[in-house]
Amino acid sequence: MLPSPENILRAELPNGIIVLAHENPNCQSVNVNGYLQAGALSEPDEKLGLADFTASMLMRGTQQRNFQQIYDELESVGASFAFGSSTHTTAFGGKALAEDLGVLLNILADALRFPIFPVEQVERKRGQLLTHLAIRAQDTGSLAAMAFDKIVYADHPYSRPADGYPETVNAITRNDLAAFQRIHYGPRGMVISVVGALQPDRMVEMVQSELGGWQNPEQPLPISLLSFKPLTQTTTQRVSIPGKSQVDLLMGAAGPERRHPDYLAVSLGNHILGQFGMSGRIGEIVREQEGLAYYAFSSLSGGVGPGPWYIGAGVAPENVERVIELIQNEVVRFTTEAVSDEELEDTVSYFTGVLPLSMETNEGMASAILNMERYQLGLDFYLRYTDILQAVTPEKILAAVPHFLQPDRMGIAMAGTLEA
Amino acid sequence: MDNNAVFDTMLPNGLQIRLKEIHTIPMISHWVWYRVGSRDEPTGHTGISHWVEHMQFKGTPQFPAGTLDTIIARAGGLWNALTFQDWTTYYEVMPADQIDLALYLEADRMLNALYDPEEVEAERTVVISEREGEENEPTFRLAEELGAAAFRVHPYHHEIIGDMADILTIQRDDLYRHYRSYYTPQNAIISIAGDFDSETVLARLQALYADIPAGEEPSRLVRPEPPQCGERRIHLTGPGETTYIQTAYHVPAASHPDFLALMALDSLLSGPSSLNMFGGGGVSNKTSRLYRALVEKEIAINTYGTLLATIDPYLYGIAFTLHPDHKADEAIAVLDDELKRLQDSPPKPDELARALKQSKALFAYGSETITNQAFWLGFAEMFDNYDWFIHYLDKLEAVTPADVQRVAQTYLTPGNRTLGIYLPE
């Protein structure tokens with residue numbers, strides 16, 4: 001069953017919260033997912049990681065419950081719930097048996113509205129975050145991604161890591177966390193999906209009863225993104241750390257935002273470039289023909305803003321230059337020659353065929369429903385999906401791609417044990 | 001056909017077939033399981049089962065390398081494979097009307113895979129790259145040393161990916177011989193769940209497989225691990241600032257009566273876990289005994305346990321990442337205290353009842369995906385049989401507090417432990 005206006009109950013609560021309810025009769029569980037308009041964009045440079053730290057403190061003590069009580073309620077019934085923050089939003093998600101939906105929603109509301117940021121828990125969490133940053137400093141994939149963002153998004157908020165740096169995490173005080181929650185958390189722009197074995201009107205009633213009374217007069221309007229300057233020449237950054245067998249390599253640029261008119265054309269093109277079958281053209285040349293990497297692929301993020309579009313591979317240090325050359329050749333071909341009709345037909349066929357499979361689970365359905373809301377695609381988007389895809393032609397892809405990706409204007413980032 | 005009915009049969013050539021119709025959405029999940037994995041690999045050929053798995057994607061006369069990637073994607077399907085200690089499995093998740101493609105291609109590559117020498121050499125460097133990617137992780141390096149120290153004799157000694165020395169030297173004919181020895185009907189199970197008609201599919205499977213010879217009974221390495229008499233310690237050093245600790249205790253095979261008591265014990269100590277690999281999601285472990293003792297006391301920043309269902313006795317693992325303000329010995333002392341607490345007094349009945357409720361929820365979540373249902377139809381047969389899965393919750397419910405105390409006393413002893421520490425240089 002595809003999501004559609006027929007099977008999604010969409011309700012806007014008086015305080016602005018959008019509820020999207022969908023019944024899945026083929027399960028015993030229920031999933032709650034959503035987001036609110038508070039993210040790393042609102043952090044000052046000297047306190048990077050603030051939104052993420054705040055989100056990770058919400059379930060560590062509220063006016064009604066301490067940390068162990070919160071998790072005891074959840075874990076005793078085999079339920080899970082968690083918050084996390086990224087650049088634009090703070091997201092949440094959890095799962096329980098359908099009979100325990102009330103537990104999930106009550107903890108969601110309690111954590112969002114009444115967190116108390118106990119000092120002892122703040123310091124405990126800080127220790128965990130700092131250790132994660134120490135692990136990140138040894139992780140070639142994370143280091144390459146951070147270097148890539150610095151090149152491609154220079155002077156733009158997307159260049160900043162949402163989990164911050166040790167010095168910025170150390171600079172965050174308990175009061176900063178409490179203030180971030182008080183100011184930035186609010187019902188306006190919040191979206192919550194409930195998918196599972198309950199009646200949709202019952203789901204909406206339960207959300208209303210837990211969150212309908214929430215108000216935040218202080219809540220600011222969402223921050224509008226700065227425009228960013230695309231690269232004017234290929235720029236490379238090499239991060240060397242000792243003791244690694246493999247180099248993580250990323251090459252690419254900023255892609256279109258999800259609402260860009262060319263997004264689906266670029267998305268189909270990207271699939272041909274580095275995803276279809278065994279990782280598309282990139283996988284074919286780097287892995288299948290040359291045997292130079294276990295993984296080599298391309299990835300397009302979309303998102304609220306111009307998220308990254310990159311080609312990635314894990315390669316031995318001595319093969320890095322060869323793989324860069326192979327990828328560059330593929331990008332030249334991709335940006336100057338139209339994909340074949342057959343490649344495009346195959347990819348459209350995959351996109352439409354795999355759709356029901358991706359919506360089998362509550363998680364998959366929730367993700368599709370939230371995307372339709374977040375990017376204002378219309379709740380009938382998946383009913384129109386095949387027609388929209390079939391309207392894309394090789395010429396449209398070729399016309400769209402060079403606006404975002406150019407072989408002589410790429411960011412190239414690598415991390416591993418590199419020769420000086 | 002009722003919701004839980006499984007159609008179970010065996011062809012004259014020994015091929016086992018297990019089918020479960022689920023008509024909720026138009027998709028199927030099709031798996032072919034072979035009883036071969038790193039457990040069957042002698043020194044010199046470590047990693048060969050995994051490499052064979054890679055070569056199975058490198059073409060047959062009818063489907064040259066790469067063609068099936070396109071055909072399956074065009075059909076809106078997904079395919080992949082996994083190699084573990086005891087088994088190797090191949091799966092396709094497809095729209096229901098494409099089931100015949102999955103049935104056909106797996107029957108074809110049971111017998112007809114090419115192992116072209118050029119493809120073997122190209123894949124050698126891919127496997128090397130896969131191993132090098134794993135070596136980038138300190139936790140992989142530590143786990144590899146730990147396994148090697150815990151198993152001196154049994155082939156569970158080595159990692160599934162294999163030792164670099166063997167990846168560099170295994171030849172095309174070694175791979176092909178391994179393939180022909182183990183990829184036979186009598187050593188395989190087909191499991192399918194989803195939207196299909198069992199009689200139609202069975203007739204099709206009979207047509208596809210009936211002419212494939214049963215094959216010879218494959219040889220098995222029988223090298224039981226002698227009892228461990230005294231703790232073994234590994235010290236590994238490397239870059240970074242973070243100390244990792246992994247411990248491993250020899251525990252019985254999944255078919256042993258104590259295995260379910262160990263699952264309950266793991267749930268109390270390090271949090272609820274299921275053996276689901278395809279769907280369901282998990283439950284956090286913040287109320288578990290070790291989380292409270294180690295993470296809430298800021299001695300570690302996380303902790304988790306692992307218990308694998310295997311044919312031969314394997315390991316119960318407890319791992320944690322150390323808080324930078326503490327030393328490894330402090331964390332190990334806390335672990336020992338918690339184990340002693342469990343050995344000295346049985347858990348309260350309500351603590352066990354809670355673990356059972358968690359397991360029931362995880363079981364329900366796992367049953368919601370067609371792929372996980374098909375997975376269990378075959379997976380349970382790889383280490384015991386499908387009855388293990390059917391009776392899993394009943395057997396878990398029968399575990400008593402005294403059972404948990406007894407298995408803690410029996411298996412979680414210092415002399416039965418291998419302990420590994422990764423220390424930053």
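In this predicted model, the contact between the two chains draws on 52 residues from chain B and 51 residues from chain A. On the chain B side, the elements that put in two or more residues are helix 2 (67-74), strand 5 (88-95), helix 4 (117-135) and helix 12 (349-366). Helix 4 of chain B gives the most to this side, with 9 residues. Sorted by class, the chain B side comes out at 19 nonpolar, 20 polar and 13 charged residues.

One piece of the contact can be picked out helix by helix. Two packed helices are described by the angle between their axes and the distance between the axes. Here, helix 10 of chain A (residues 276-289) and helix 2 of chain B have axes that come within 8 Å and cross at roughly 120°. Angles from 65 to 115 degrees count as roughly perpendicular and those over 145 as roughly antiparallel, so helix 10 of chain A and helix 2 of chain B are oblique to each other. The residues that meet are Phe276(A), Gly277(A) and Met278(A) from helix 10 of chain A, and Asp69(B), Thr70(B) and Ala73(B) from helix 2 of chain B. That makes 3 nonpolar, 2 polar and 1 charged residues in this helix-to-helix contact.

Helix 12 of chain B, another of the elements on the side that touches chain A, has the length one would expect. At 1.5 Å a residue, its 18 residues should span 26 Å, and the end C-alpha atoms are indeed 26 Å apart. The buried residues in helix 12 of chain B are Leu352(B), Arg354(B), Ala355(B), Gln358(B), Ser359(B), Ala361(B), Leu362(B), Tyr365(B) and Gly366(B).

Elsewhere in chain B, Tyr314(B) sits in strand 10 (residues 314-322). Tyr314(B) has 27 C-beta neighbours inside 10 Å and therefore counts as buried, the cut-off being 20 or more. Leaving aside residues up to four places away in sequence, Tyr314(B) touches Tyr156(B), Val251(B) and Leu308(B). Phe151(B) is 163 residues from Tyr314(B) in sequence, yet their C-alpha atoms are 9.0 Å apart in space.

As for chain A as a whole, there are 16 helices and 11 strands. Its C-alpha atoms fill a box of roughly 60 × 50 × 35 Å along the principal axes. The radius of gyration is 23 Å, which agrees with the value near 22 Å for a compact globule of 420 residues. Buried residues account for 52% of the 420 in chain A. Of the chain A contacts between residues at least 6 apart in sequence, 81% join residues at least 24 apart.

Technical notes:
Residues numbered from 1 in each chain as written. Chains lettered and ligands numbered in written order. Predicted model: local features only at pLDDT ≥ 70, side-chain atom pairs only at ≥ 80, totals over all residues. Contact = placed C-beta atoms within 7 Å. Helix = DSSP H or I, 4+ residues; strand = E, 2+ residues; numbered from the N terminus. Nonpolar A, V, L, I, M, F, W, Y, C, P; charged D, E, K, R; others polar. Rg over C-alpha atoms; globule rule 2.2 N^0.38 Å. Buried ≥ 20, exposed ≤ 12 C-beta atoms within 10 Å, placed from the backbone. Axes fitted to C-alpha atoms, helices over the stretch in contact; angles between N-to-C directions. Parallel < 35°, antiparallel > 145°, perpendicular 65-115°, else oblique. Expected span 1.5 Å × (residues − 1).
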